[in-house]
Amino acid sequence: MASFEVIGGHPLKGEIIPQGAKNEALQILCAVLLTSEPVTISNIPDIRDVNKLIELLRDMGVKVGKLSTDTYVFQADSVNLDYLDSEQFVAQGRALRGSVMILGPMLGRFGQCQLPRPGGDKIGRRPLDTHFLGLQKLGGKLTLEGKDFYRIHTEGKLQGTYMLLDEASVTGTANIVMAAVLADGITTIYNAACEPYLQQLCKMLVRMGAKIYGIGSNLLTIEGVESLGGTEHRMLPDMIEIGSFIGLAAMTGSEITIKDAQIQELGLIPDTFRKMGIQLEFRGDDIFIPAQDHYQIATYLDGSILTVSDHTWPGLTPDLLSIILVVATQAKGTVLIHQKMFESRLFFVDKLIDMGAQIILCDPHRATVIGLDQRTRLHGISMTSPDIRAGVALLIAALSADGRSVIDNVEQIDRGYQFIDKRLNALGAQIKRL
């Protein structure tokens, strides 16, 4: 198990380029299974979860060529369906949450797929019901072997239909869309997710020959086609990394420029950090964060305490609430953080309290943060990263703290952030991988 040794209290300065979006990558990479023609994808992040998915596709028989550090060409013209019954596939599927994204394209193109219950972060229940209910409405026949192995197949082609999703699941919507593009007839998906990453997937599929209408809304209409062709696609920068770097700059009093941030795709993220008192300046498509000695949390117009909560798009992504919470510990003012979508993402605040933060964990979903206004700095401690997003929040806290911190289990951070120690050290951080 690897660890980070962090010497905090050093302001950072410079430019940083966000990696490609992990959550987009997991969808886009699985979409290559929908065609036998070459698909070229660029701005792919070099992170553990994405690399494992590429390895899985290769083992399934997809031809994979690496054109540059972030650009690959994929061709799924000889997919080995028998591989899905192998012990190696079962082990790969269990280790990777993103493996669930092969269900839609495999069912749509080949009429069958099987999958063990995927792994991933321990951040509360993330049931797959939306995925399977949608695929069943298209004609998929689901069987469950034991408690955690799923088989789904179809008798003939999938058939388009109307469906109202029980939740606006991003991955669930993506799986259903990838199945529906090759179904007979018209599929209408109401309460569809409309995140930028889902929009990117739909636009890529349209370039491949799919007919999808209503992209960017929660009502998608898909007219099935016989087959799809190849295409080229460039992924968006990762909005979670961008938000993390904004929070890092504020907590450490640093001057940082985030390059090529695709600001028009960030939704409420910039405004939410502005509510925390953080100054942001847009310079073309770059975000400049000046060094600030203090930042003050806004209140509502009547003077009451601000609440920051997550929601489906265009609301604030839940992946950034841990960053917002850490930023609040050194702000002037008080904020209520309300994590609505997952049960366990606030269960890292005990480490921040041990570092000197003033936080009241109200229940598994809510925490009240009383900012220290930089009057009392956090102090370094030894701690363990419980998941990707909490791990980076703890890393930001350690970089702002006085003294030495050690963060164990940084493999969790590596799953979502590309060479984060090297990239931050280039800005002046002192992070050593043990």
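Reader: In this predicted model, over the face of which residue does Arg-283 lie?
Author: The model is predicted, not experimental. Arg-283 sits 3.9 Å from a ring centre. The ring under Arg-283 belongs to Phe-288.

Reader: Over which ring does the charged end of Arg-274 sit?
Author: A charge counts as over a ring within 6 Å of the centre and within 35 degrees of the normal. The charged end of Arg-274 is 4.9 Å from the centre. The ring is that of Phe-282.

Reader: How many aromatic pairs are there?
Author: Ring centres must lie within 6.5 Å to pair. By this rule the count is 3.

Reader: Are the rings of Tyr-72 and Phe-74 stacked or edge-to-face?
Author: The ring centres of Tyr-72 and Phe-74 are 5.9 Å apart. Stacked pairs have planes under 30 degrees apart. The planes of Tyr-72 and Phe-74 stand at 20 degrees, so this pair is stacked.

Reader: Is Phe-74 buried or exposed?
Author: Buried means under 20% relative accessible area. Tyr-72 meets that with 10%. Phe-74 has 1%, so Phe-74 is buried.

Reader: What kind of pair do Tyr-83 and Phe-89 form?
Author: Both Tyr-83 and Phe-89 are buried. Their ring centres are 6.1 Å apart. Planes over 60 degrees apart count as edge-to-face. Theirs stand at 70 degrees, so the pair is edge-to-face.

Reader: Which strands stand at the edges of the sheet S6-S8-S7?
Author: The sheet is open, has 3 strands and pairs them antiparallel. An edge strand here has a single partner, so one of its sides has no neighbour in the sheet. That applies to S6 (112–116) and S7 (141–145).

Reader: What is the average twist from one strand to the next in that sheet?
Author: The order of the strands is S6-S8-S7. From one strand to the next, the twist averages 15 degrees.

Reader: What is the bridge partner of Leu-115 in S8?
Author: S6 and S8 (residues 149–153) run antiparallel and are joined by 5 bridges. Leu-115 has its bridge partner in S8. That partner is Tyr-150.

Reader: Which helix lies across S6 and S8?
Author: The helix spans residues 87–95. This helix runs at about 65 degrees to S6. The helix is H3.

Reader: Through how many residues does a hairpin join S19 to S20?
Author: S19 (residues 358–363) and S20 (residues 366–370) run antiparallel, with 5 bridges between them. One bridge pairs Leu-361 with Ala-367. The hairpin joins the strands through 2 residues.

Reader: Which helix gives the most to the largest nonpolar core?
Author: That core has 80 residues. Among those with the most contacts inside it are Ile-258, Leu-325 and Leu-424. The helix giving the most contributes 10 residues and spans 388–400. The helix is H12.

Reader: How many residues does the second, separate core have?
Author: This core includes Ala-25, Val-79, Leu-205 and Met-235. Its count is 69 residues.

Reader: How many residues of helix H10 are buried?
Author: H10 covers residues 321–328. Its buried residues include Leu-321, Ser-322 and Ala-328. The helix is largely enclosed by the rest of the structure, because the buried count is 8 of the 8.

Reader: What is the relative accessibility of Gln-27?
Author: Gln-27 is in helix H1 (residues 22–31). Beyond its neighbours within four places in sequence, Gln-27 contacts residues including Met-101, Tyr-197 and Leu-201. Gln-27 counts as buried, at a relative accessibility of 2%.

Technical notes:
Residues are numbered from 1 along each chain as its sequence is written. This is a predicted model: local features need pLDDT of at least 70, side-chain atom pairs count only at pLDDT 80 or more; totals for chains, interfaces and linings use all residues. Side-chain values use heavy atoms; hydrogens and water are left out. Two strands pair if DSSP finds at least two bridges between them. Helices (H or I, at least four residues) and strands (E, at least two) are DSSP runs, numbered from the N terminus. Axes are lines fitted to C-alpha atoms, for helices over the stretch in contact, and angles run from 0 to 180 degrees between N-to-C directions. Contact means heavy atoms within 4.5 Å. A nonpolar core is a set of buried Ala, Val, Leu, Ile, Met, Phe, Trp, Tyr and Cys residues joined through side-chain atoms within 4.5 Å. Buried means under 20% relative accessible area, exposed over 50%, partly exposed in between (1.4 Å probe, protein chains only). Rings of Phe, Tyr and Trp (its six-membered ring) pair if their centres lie within 6.5 Å; planes under 30 degrees apart count as stacked, over 60 as edge-to-face and the rest as tilted.
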